[in-house]
Amino acid sequence: MLILSKAVKEYKMGDSLVRALNGVDLEIRKGDFLAIVGSSGSGKSTLMHALGLMDTLTSGTLHVNEQETSKLNSAQRATLRSQEIGFVFQTFNLLPRLTIENNVLLPAQYSRRAHPAKLPDAIAVLERVGMAHRIGHKPNELSGGERQRVSIARALINKPSLILADEPTGNLDSQNMVNILKLFTDLNAEGQTIIIVTHDPDVAKNARNFIRMRDGQIIETDLKR
Ligand SMILES: Nc1ncnc2c1ncn2[C@@H]1O[C@H](COP(=O)(O)OP(=O)(O)OP(=O)(O)O)[C@@H](O)[C@H]1O
Ligand SMILES: [Mg+2]
């Protein structure tokens, strides 16, 4: 479903270049449940943004369902992203002026589907993350862990085939962490492909496979293919 090949991502910082991805090859198959681990600054979020079509590569290629994505313009990328991918940002990225249900519905508005998700669908995904009781509230009225759960609900609203979640349990207490990991396990059992970034070995154990990153490269993997 996703094939990343020789991926390089460089950021310009004044006169210097930061090479956040330094030649990453990775194949994700339908139904995979993959954990990405590695120290801070190793390139995990950069890799997720590349896989999620949030950002373009400096060089290398990303195929999504056999389509080479570097040839797509930004509108085509946005359409593909909203049809296939649900993204949980490390920093949540909720819009402060919108209620939680309207935040959850935003990807539905961009999806250009004939029948986009509506309020009852938003309530249903908020129920799955235990946040339906806070409908009508805005993000700044919520705790960090509550915002995190709303951002997970938003990633589910379009029923994406691929969920990319960057530290989705980083702000959760142990009970909510268990609930969210069970949710991901259930979604994976229903056929959704899931990639999570985590620094927590116990969280990584919930996934079927893992890769470890260091200095923009994959240094360890158990993807025996
Ligand atoms: N927009 C940016 N501009 C410049 N450098 C960046 C940018 N985003 C990331 N970097 C750099 O790229 C490298 C990889 O960053 P990235 O955010 O992918 O790491 P990470 O593994 O997700 O770390 P963490 O565990 O702290 O979230 C770091 O050196 C970071 O400083
Ligand atoms: Mg990160």
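This is a dialogue about reading helices, contacts and a metal site in a predicted model.

Biologist: I will start with helix H4. Which of its residues are buried?

Modeller: H4 covers residues 119-128, and its buried residues are Ala 122, Val 125 and Leu 126.

Biologist: Why do those residues lie on the same side of H4?

Modeller: The general idea is that an α-helix has 3.6 residues a turn, so residues three or four places apart point the same way. In this case the buried residues cover an arc of only 105° around the axis, which puts them on the same side of H4.

Biologist: Which exposed residues are on the face turned away from the buried side of H4?

Modeller: That face carries Pro 120 and Glu 127.

Biologist: What do the buried residues of H4 pack against?

Modeller: They pack against helix H3, residues 100-110, and helix H5, residues 144-156. After H4 comes Gly 130, which has a positive phi, near 70°.

Biologist: How do I describe two packed helices?

Modeller: One gives the angle between their axes and the distance between the axes. For H3 and H4, the axes come within 9 Å and cross at roughly 105°. The two helices are therefore roughly perpendicular to each other.

Biologist: Which residues make the contact between H3 and H4?

Modeller: H3 contributes Ile 100, Glu 101, Val 104 and Leu 105, while H4 contributes Leu 119, Ala 122, Val 125 and Leu 126. By class, this contact of H3 with H4 has 7 nonpolar residues, no polar ones and 1 charged.

Biologist: Now the pair H5 and H6. At what angle do their axes cross?

Modeller: The axes of H5 and H6 cross at roughly 10° and come within 12 Å. That angle makes H5 roughly parallel to H6. On the H5 side, the contact is made by Arg 149, Ile 152 and Leu 156; on the H6 side, by Asn 176, Ile 180, Leu 183, Phe 184 and Leu 187. The contact of H5 with H6 divides into 6 nonpolar, 1 polar and 1 charged residues.

Biologist: Let me take a single residue. Is Leu 183 buried or exposed?

Modeller: A residue counts as buried under 20% relative accessible area. Leu 183 has 5% relative accessibility, so Leu 183 is buried. Leu 183 sits in helix H6, residues 174-189.

Biologist: What is Leu 183 in contact with, leaving aside neighbours within four places in sequence?

Modeller: Leu 183 is then in contact with Arg 128, Val 129, Ile 152 and Leu 156.

Biologist: Which residues does Asn 188 contact, with the same neighbours left aside?

Modeller: Asn 188, also in helix H6, is in contact with Gly 31, Asp 32, Phe 33, Ile 194 and Arg 208. Asn 188 counts as buried, at 9% relative accessibility.

Biologist: And what does Ser 82 touch, not counting residues up to four places away in sequence?

Modeller: Ser 82 touches Tyr 110, Ser 111, Arg 113 and Asn 158. Ser 82 is in helix H2, residues 74-84, and is buried, with a relative accessible area of 9%.

Biologist: Last, the metal site. Which protein donors does the magnesium ion have?

Modeller: The donors of the magnesium ion, ligand 2, are Ser 45 through OG and Gln 90 through OE1, lying 2.0 to 2.3 Å from the ion. Ser 45 is in helix H1, residues 44-51, and Gln 90 is in the loop between strand E6 (85-88) and H3; the pair is 45 residues apart and links distant parts of the chain.

Biologist: What is the relative accessible area of Gln 90?

Modeller: Gln 90 is partly exposed, at 41%.

Technical notes:
Residues are numbered from 1 along each chain as its sequence is written. Chains are lettered from A and ligands numbered from 1 in the order in which they are written. This is a predicted model: local features need pLDDT of at least 70, side-chain atom pairs count only at pLDDT 80 or more; totals for chains, interfaces and linings use all residues. Side-chain values use heavy atoms; hydrogens and water are left out. Buried means under 20% relative accessible area, exposed over 50%, partly exposed in between (1.4 Å probe, protein chains only). Helices (H or I, at least four residues) and strands (E, at least two) are DSSP runs, numbered from the N terminus. The arc is that of the directions from the helix axis to the C-beta atoms. Contact means heavy atoms within 4.5 Å. Axes are lines fitted to C-alpha atoms, for helices over the stretch in contact, and angles run from 0 to 180 degrees between N-to-C directions. Angles under 35 degrees count as roughly parallel, over 145 as roughly antiparallel, 65 to 115 as roughly perpendicular and the rest as oblique. Ala, Val, Leu, Ile, Met, Phe, Trp, Tyr, Cys and Pro count as nonpolar, Asp, Glu, Lys and Arg as charged, and the others, Gly among them, as polar. Donors are N, O and S atoms within 2.8 Å of the metal (3.2 Å for Na, K and Ca); water is not among the atoms, so sites may look incomplete.
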